[in-house]
Every structure is written in structure tokens, then in C-alpha cells.
Amino acid sequence: RFLKMEEFFPESFRLDLKEERNAFFELCKEEEIWICKPNCSNQGRGIFLLKNPASINTLQAKLHSIEEHLLNKGEPHKAPKARIVQRYIQQPLLLEGKKFDVRSYLLVACTAPYVLFFAQGYVRLTCANYDAASDDLTVHLTNQYMQKKNPLYSQLKDKTVWRMEHFNSYVNEKFRKTNGLPKDWVFTVFTKRMQQIMLQCFLAAKHKLDGKLGYFDLIGCDFLIDENFKVWLLEMNANPALHTNCQVLRDIIPTIVYESL
């Protein structure tokens with residue numbers, strides 16, 4: 001069964017497409033949080049939050065100014081830099097008070113014929129406790145590159161990454177009874193939903209992939225779970241980070257690379 005986009009992907013708009021850009025600025029008049037991300041970037045670079053109408057008006061004016069500049073230069077066909085704005089999920093599930101997401105892996109092992117593999121990854125947590133109103137990006141973005149900017153990182157770095165087994169045990173212990181979850185929800189329901197979403201995304205992009213023998217790619221897929229245990233796909237990353245700057249990553253990443261090859 002194919003999922004509808006709104007079942008797994010937060011409402012998103014492309015700012016380089018005029019129609020979507022205008023639709024976003026029409027929609028976002030209320031006090032709500034949006035996250036703005038550049039295309040083809042990583043490590044949290046260029047990401048910022050839009051937390052109030054004033055910040056949205058500033059962004060709108062900036063994009064309008066860029067459009068005017070391109071028009072005056074006689075380049076109306078050029079669009080503003082590719083970015084998306086995505087509705088920010090303000091009620092994430094928390095682990096010991098901290099925001100987290102899950103990095104999993106999709107290996108397109110072959111494109112003639114298509115062969116796909118799934119691998120469990122790890123859980124990425126923030127150093128500081130979650131506060132939706134915080135202006136500190138290290139509270140909102142879980143990747144290691146961003147967490148290194150938090151002054152607590154040096155003493156907490158081994159606590160910012162959990163094995164999936166640790167995560168599964170924690171969910172069994174803390175949430176299973178109160179939320180009516182099946183035993184080992186992480187390795188059953190959650191894992192199946194991740195695989196379902198990955199497969200659907202692959203099928204959506206399949207027609208753009210060249211089917212030649214020898215083509216392969218390892219893709220890092222980031223999932224967020226909200227407080228109702230709904231699973232959201234945040235993004236899929238080509239060239240995912242393979243750093244091993246804490247013990248859990250030293251155990252997991254080399255295995256991922258070895259098994260991919």
C-alpha cells in the first residue's frame with residue numbers, strides 16, 4: 001500500500017518554484033514554526049528556523065529582492081537558490097528530555113536489475129534538553145556536526161548516539177505500557193514503516209535513475225518519531241556522514257561500509 005505524502009512527510013514547499021513559494025507565504029501567517037533548509041547541503045549548514053511572522057516577512061522580502069535583481073539583470077529564468085521550507089514538528093518524542101532522530105540506511109546495490117537493501121543505523125540525540133522556543137539550533141538539529149557546537153558536547157558526546165538495541169530497550173521500558181505499544185516496537189512496527197517509506201521514495205525517483213550495471217549508492221535516511229509515535233521522514237541524504245567520533249559510531253559505521261561494499 002502506498003502512503004499519502006502527509007502520512008509520513010511534513011508539509012513542505014520549494015522556495016525556488018514561484019507557485020510553491022507563493023502558496024507558502026499565503027499559508028504561513030499564524031504563529032507556527034517552519035524549518036528552512038538549502039538543497040544539496042549537509043551538516044546542518046544553512047538551516048534556520050522561521051518562528052514568527054516577522055522572520056517570514058524578512059525571508060519573503062529577501063527572496064523578492066533576489067527575484068528583482070535577476071529580472072533587472074535580464075535573467076528572469078533563474079530562480080532563487082533552491083531551498084525548502086518544512087513544517088516543524090513541535091511535539092517530538094523525547095529520550096530523557098532530549099530531541100532525537102534515527103539515521104537508517106538504504107543501499108541501492110544495483111540498478112540493472114534494481115536491488116535494494118536496508119540497514120539499521122543509530123539514534124542521534126541533542127546535548128541539551130528540548131525546548132521548542134529555543135533559538136539555539138543545537139536544541140533542534142541532532143546531527144553530530146551541529147552538536148559539536150554545543151559546549152556540553154565534549155563531555156556528552158558518547159551519550160549523543162545510541163545503538164538501536166538501546167533505543168528498543170528504552171522504548172520497551174518507558175513507553176510500551178503507557179502507549180499500548182507491541183513488544184520491540186522499534187524492531188517491528190517502526191522498522192517496517194521505515195522500510196515502507198524508503199521503498200516508496202525509491203519508486204518515486206526510480207525513473208530518474210540510470211539502469212546501468214555497476215551503479216550503486218548508499219543513502220542516509222533520517223526519521224523523526226513524534227509523541228504519538230507517528231513516524232516522519234525528514235530527509236534522505238546522498239553521501240551520508242561516515243565519521244566515527246564516538247564509540248557507538250566506531251562500532252556501527254565500519255560495518256555499514258564493509259557490508260555495502
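The hairpin of β9 and β10 has 5 residues between its strands, and within that connection F229 takes a positive phi near 65 degrees. The two strands pair in the antiparallel sense over 7 bridges. The model is a predicted one. Its chain comprises 9 helices and 10 strands, and 44% of its 261 residues count as buried.

**The β9–β10 hairpin and its surroundings**

- F229 is placed in the loop between β9 and β10.
- The positive phi of F229 occurs in a residue other than glycine.
- F229 is buried, because its relative accessible area is 9% and the cut-off for burial is under 20%.
- On the paired strands, D222 stands opposite E235, a residue of β10.
- E235 also meets K37 through the side chains, in a salt bridge with an N to O distance of 3.1 Å.
- This pair links distant parts of the chain, since K37 belongs to strand β2 (residues 34–38) and E235 to strand β10, 198 residues apart.
- The two partners differ in accessibility: K37 counts as buried at 9%, whereas E235 counts as partly exposed at 28%.

**Other backbone features**

- Most residues other than glycine have a negative phi, and most peptide bonds are trans.
- N239 has a positive phi near 55 degrees and is a residue other than glycine.
- N239 is found in the loop between β10 and α9 (247–260).
- With a relative accessibility of 61%, N239 counts as exposed, while F229 is buried at 9%.
- The peptide bond from A112 to P113 is cis, with omega near 0 degrees.
- P113 has its place in the loop between β6 and β7.

**Nonpolar core**

- In soluble globular proteins, nonpolar side chains tend to be buried together.
- The largest nonpolar core contains 32 residues, and those with the most contacts inside it are L95, F100, V123, F167, W185, F190 and F223.
- Two or more residues of this core come from each of β6 (98–111), β7 (114–125), α6 (164–174), α8 (189–205), β9 (217–225) and β10 (231–238).
- Helix α8 gives the most to this core, with 6 residues.
- Leaving aside residues up to four places away in sequence, F100 touches L93, L94, L95, V123, R124, L125, T142, F167, L224 and I225.
- Across the chain, 64% of the contacts between residues at least 6 apart in sequence join residues at least 24 apart.

**Salt bridges**

- Side chains of opposite charge can pair when their charged atoms come close.
- A search of the whole structure finds 9 salt bridges.
- One of them joins D101 and R124, with the closest N and O atoms 2.8 Å apart.
- D101 lies in strand β6 and R124 in strand β7, so this pair ties together parts that are 23 residues apart in sequence.
- Both partners are buried: D101 has a relative accessible area of 5%, and R124 has one of 7%.
- D101, R103, R124 and D222 are joined into one network by salt bridges that share partners.
- R124 and D222 recur elsewhere in this account: R124 is among the residues that F100 touches, and D222 is the residue opposite E235 in β10.
- D16 forms a salt bridge with R14, and the closest N and O atoms are 2.8 Å apart.
- In this pair, D16 counts as buried at 15% relative accessibility, whereas R14 counts as partly exposed at 39%.

**Helix α9**

- Helix α9 has 14 residues and reaches 21 Å from its first C-alpha to its last, which is close to the 20 Å expected at 1.5 Å a residue.
- The buried residues in α9 include V248, L249, I252, I253 and I256.
- These residues cover an arc of only 95 degrees around the axis, which puts them on the same side of α9.

Notes:
Residues numbered from 1 in each chain as written. Predicted model: local features only at pLDDT ≥ 70, side-chain atom pairs only at ≥ 80, totals over all residues. Heavy atoms only, no water. Core = buried A, V, L, I, M, F, W, Y, C linked by side-chain atoms within 4.5 Å. Buried < 20%, exposed > 50% of the residue type's maximum accessible area, 1.4 Å probe, protein only. Helix = DSSP H or I, 4+ residues; strand = E, 2+ residues; numbered from the N terminus. Contact = heavy atoms within 4.5 Å. Pairing = 2+ DSSP bridges. Expected span 1.5 Å × (residues − 1). Arc of directions from axis to C-beta. Salt bridge = Lys/Arg side-chain N within 4 Å of Asp/Glu carboxyl O.
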